[in-house]
Amino acid sequence: SGLVTLLGPHRPSHIALAVSGGGDSMALMVLAAEWCSSQGLRCTVITIDHQLRAGSADEAIFVGKQAKKLGVTHRIGRWHERVNPGNLQQKARLARYRLIDEMRDGADVVLMAHTIEDQAETVLMRLRRPFGVDGLAGIPQKRQIFSEQGDFWLLRPLLNSSGDRLREFLKDRSINWI
């Protein structure tokens with residue numbers, strides 16, 4: 001129902017999800033796949049392999065196998081660019097958003113699995129920087145992204161959920177995560 005609230009009057013025909021394979025994103029994949037199926041919506045799962053550590057390709061394949069079990073399409077985007085280590089996290093995040101945009105295949109809604117813990121971490125990190133009061137705003141639940149491939153909505157329906165609760169949900173269903 002959080003997703004329905006975030007969508008408002010907008011009724012997409014195709015939703016894309018960013019799924020890393022961690023507990024939060026795997027829970028999002030299960031919930032979104034079931035909801036899309038019940039609504040007759042197309043669902044595409046996108047995993048970005050930054051190729052920054054051993055095992056990342058296997059993790060992307062793991063997500064693909066889980067997506068197949070749920071009956072949803074899975075696509076893997078690989079980041080090939082290399083940058084100096086000082087900019088690595090920021091460059092990887094920007095690359096992730098760019099690749100998701102390129103791979104969403106016309107979906108005008110993209111879901112990400114940020115949780116309440118991610119929200120708290122973001123606010124704490126921003127407290128350490130000279131952003132002023134406006135810079136202390138957390139992660140938005142809903143944001144319109146303007147893109148040459150067509151504008152879309154970026155939604156975070158799990159932003160008020162805890163990671164522990166989401167992993168319990170997966171355990172109850174005997175679904176593994178990375």
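## Aromatic rings and a charge over a ring

A search of the whole structure finds 0 aromatic pairs. The structure is a predicted model, and the descriptions below refer to that model. Although the search returns 0 aromatic pairs, the ring of Trp153 has the charged end of Lys142 over it, at 4.7 Å from the ring centre.

## The β5–β6 hairpin

Lys142 and Trp153 belong to the strands β5 (142–145) and β6 (residues 152–155), respectively. These two strands run antiparallel and are joined by 4 bridges. Within the pairing, Lys142 stands opposite Leu155 in β6, while Gln144 stands opposite Trp153 in β6. Trp153 thus appears in two relationships with β5: Gln144 is the residue opposite Trp153, and Lys142 supplies the charged end that sits over the Trp153 ring.

Together β5 and β6 form a hairpin, with 6 residues between the two strands. The turn includes Gly150, whose phi is positive, at about 115 degrees.

## The sheet

The hairpin strands are part of an open sheet of 6 strands, in the order β3-β2-β1-β4-β6-β5 and with mixed pairing. The edge strands are β3 (73–78) and β5 (142–145), each of which pairs on one side only. From one strand to the next, the twist averages 25 degrees.

## Helices packed on the sheet

Helix α2 (residues 23–39) packs on the sheet and touches β1 (14–18), β2 (42–49) and β4 (109–111). The direction of α2 makes about 170 degrees with that of β1.

Helix α4 (residues 88–103) also packs on the sheet, where its contacts are with β1, β2, β3, β4 and β6. The direction of α4 makes about 145 degrees with that of β2. The strands β1, β2 and β4 are therefore touched by α2 and also by α4, as judged by heavy atoms within 4.5 Å.

## Packing of α2 against α6

Two packed helices are described by the angle between their axes and the distance between the axes. For α2 and helix α6 (residues 163–172), the angle is about 55 degrees and the axes are 9 Å apart. The two helices are therefore oblique to each other, and the crossing of α2 and α6 is left-handed.

On the α2 side, the residues in this contact are Gly23, Asp24, Met26, Ala27, Val30 and Leu31. They meet Gly163, Leu166, Arg167, Phe169 and Leu170 in α6.

Notes
Residues numbered from 1 in each chain as written. Predicted model: local features only at pLDDT ≥ 70, side-chain atom pairs only at ≥ 80, totals over all residues. Heavy atoms only, no water. Pairing = 2+ DSSP bridges. Axes fitted to C-alpha atoms, helices over the stretch in contact; angles between N-to-C directions. Phe/Tyr/Trp six-rings, centres within 6.5 Å; stacked < 30°, edge-to-face > 60°. Lys NZ or Arg CZ within 6 Å of the ring centre and 35° of its normal. Parallel < 35°, antiparallel > 145°, perpendicular 65-115°, else oblique. Left-handed = near helix turned anticlockwise from the far one by under 90°.
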